[in-house]
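This briefing sets out selected features of one protein structure for the bench biochemist. The points below are grouped by topic and are best read with the structure in view.

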Amino acid sequence: MTPTAAYDEIADWYEFEFLPRGSSGDPLGIRSALATLLGPGSGRCLEIGCGTGVHAAQIRDLGWMPLGLDLSAGMLHHARDRLPAALADATRLPVADASVDAVVTVMAHTDMPGYPDVLHEVARVLRPGGRFVHIGVHPCFCGGFADRGDPEAVVIRPGYRDGHWTTASWTDQGVRDKVGASHWSLPALLNAFLAAGLTFEEFTEGGEPTPVMLAVRAHSSTSRNPTPPSAATMSTRRESSKRSWTT
């Protein structure tokens, strides 16, 4: 599937309406997960799918130097005062091999139909032992199959096992009904980490009454033999490795 910048059409709504609605506290546990799984550090931290750059301040406060990449020019327009960022496809990162100390994705993997290829790119650009933090919608409790309209209960309908892209949503106040989302079951998502050669370290969840967010910390490993990607992916990696990060 050819990546498209679906968020260009809703970038202003996302920045001025959607984000302010969730600005009170940490209802999904995203900030807590970043603090726990990324933690204090130094060096360059690349956020893939950085959007408007709302997580850059916390990453910087933890001691890292945030850098961002996103496919949407509209979203990056709002990110320009928050972190150095570039327009790029996450499946072919314009970043040299083993050149960053940490990588994060925050509530972005469902926007990336090629997320397994993105994970291969994460493993490529991380220095040996570098940490990767994935924070995303919980695959078991969020999706077109999950009705969260009742704050006291979540109704899970058939569809969890189906890998699909959908605009189905229980609400018209969110993102999914506007730009759609991809879905992976929990085993499919975690196996994609292993296939990319990433080693799990820690997990956490956030949100009520059942988890809305699943977060994973992993690191790059030189001792693993990751499943070889497709020839097309290898070609894009070779092209990516010729380019170094610029801001």
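In this predicted model, ring pairs join Phe-132, Phe-193, Phe-200 and Phe-203 into a cluster. Searching the whole structure yields 5 aromatic pairs. The points that follow treat two of these pairs, then a set of parallel strands, a mostly covered helix and two buried loop residues.

**Aromatic pairs**

- The ring centres of Tyr-115 and Trp-184 lie 6.2 Å apart with the planes at 50°, and the pair is therefore tilted, since angles under 30 degrees would count as stacked and those over 60 as edge-to-face.
- This pair connects distant parts of the chain, with Tyr-115 in helix α5 and Trp-184 in the loop between β9 (181-182) and α7 (186-195), 69 residues apart.
- Both Tyr-115 and Trp-184 are buried.
- Phe-132 and Phe-193 also form a tilted aromatic pair, at 5.8 Å from centre to centre and with 35° between the planes.
- Distant parts of the chain are linked here too: Phe-132 belongs to strand β5 (residues 126-137) and Phe-193 to helix α7, 61 residues apart.
- Phe-132 has a relative accessible area of 0% and is therefore buried, the cut-off being under 20%.
- Phe-193 likewise is buried, with a relative accessible area of 0%.

**Parallel strands and their crossovers**

- Of the 6 residues in strand β2 (residues 65-70), 5 are buried, so the strand is largely enclosed by the rest of the structure.
- Strand β1 (residues 44-48) runs parallel to β2, and 5 bridges join the two.
- Within this pairing, Cys-45 stands opposite Pro-66 of β2.
- From β1 the chain passes through helix α3 (residues 56-61) to reach β2, in a β-α-β crossover that is right-handed.
- Strand β3 (residues 85-87) pairs with β2 in the parallel sense, over 3 bridges.
- Gly-68 is the residue that stands opposite Ala-85 in β3.
- The path from β2 to β3 leads through helix α4 (residues 73-79), and this β-α-β crossover is right-handed.

**Helix α5**

- Helix α5 (residues 115-125) is mostly covered, with 8 of its 11 residues buried.
- The buried residues of α5 include the hydrophobic side chains Val-118, Leu-119, Val-122 and Val-125.
- Also buried in α5 are Tyr-115, His-120, Glu-121 and Arg-124.

**Two buried loop residues**

- Arg-148 is located in the loop between β6 (146-147) and β7 (155-156).
- Although buried, Arg-148 has no salt bridge, and Glu-208, the nearest side chain of opposite charge, is 7.7 Å away.
- The side chain of Arg-148 does reach the backbone oxygen of Phe-141, at 3.0 Å.
- Val-175 is found in the loop between β8 (165-166) and α6 (176-179).
- With a relative accessible area of 15%, Val-175 falls under the 20% cut-off and is therefore buried.
- The C-alpha atoms of Val-175 and Tyr-14 are separated by 8.3 Å, although these residues are 161 residues apart along the chain.

Conventions. Residues are numbered from 1 along each chain as its sequence is written. This is a predicted model: local features need pLDDT of at least 70, side-chain atom pairs count only at pLDDT 80 or more; totals for chains, interfaces and linings use all residues. Side-chain values use heavy atoms; hydrogens and water are left out. Buried means under 20% relative accessible area, exposed over 50%, partly exposed in between (1.4 Å probe, protein chains only). Helices (H or I, at least four residues) and strands (E, at least two) are DSSP runs, numbered from the N terminus. Two strands pair if DSSP finds at least two bridges between them. A crossover is right-handed if, with the strands pointing away from the viewer, the path from the first strand over the helix to the second runs clockwise. Rings of Phe, Tyr and Trp (its six-membered ring) pair if their centres lie within 6.5 Å; planes under 30 degrees apart count as stacked, over 60 as edge-to-face and the rest as tilted. Lys and Arg count as positive and Asp and Glu as negative; His and the chain ends are not counted. A salt bridge is a side-chain nitrogen of Lys or Arg within 4 Å of a carboxyl oxygen of Asp or Glu. A polar contact is a pair of N or O atoms within 3.5 Å; within protein, one must be able to donate a hydrogen and the other to accept it, and residues adjacent in sequence count only if both atoms are side-chain atoms.
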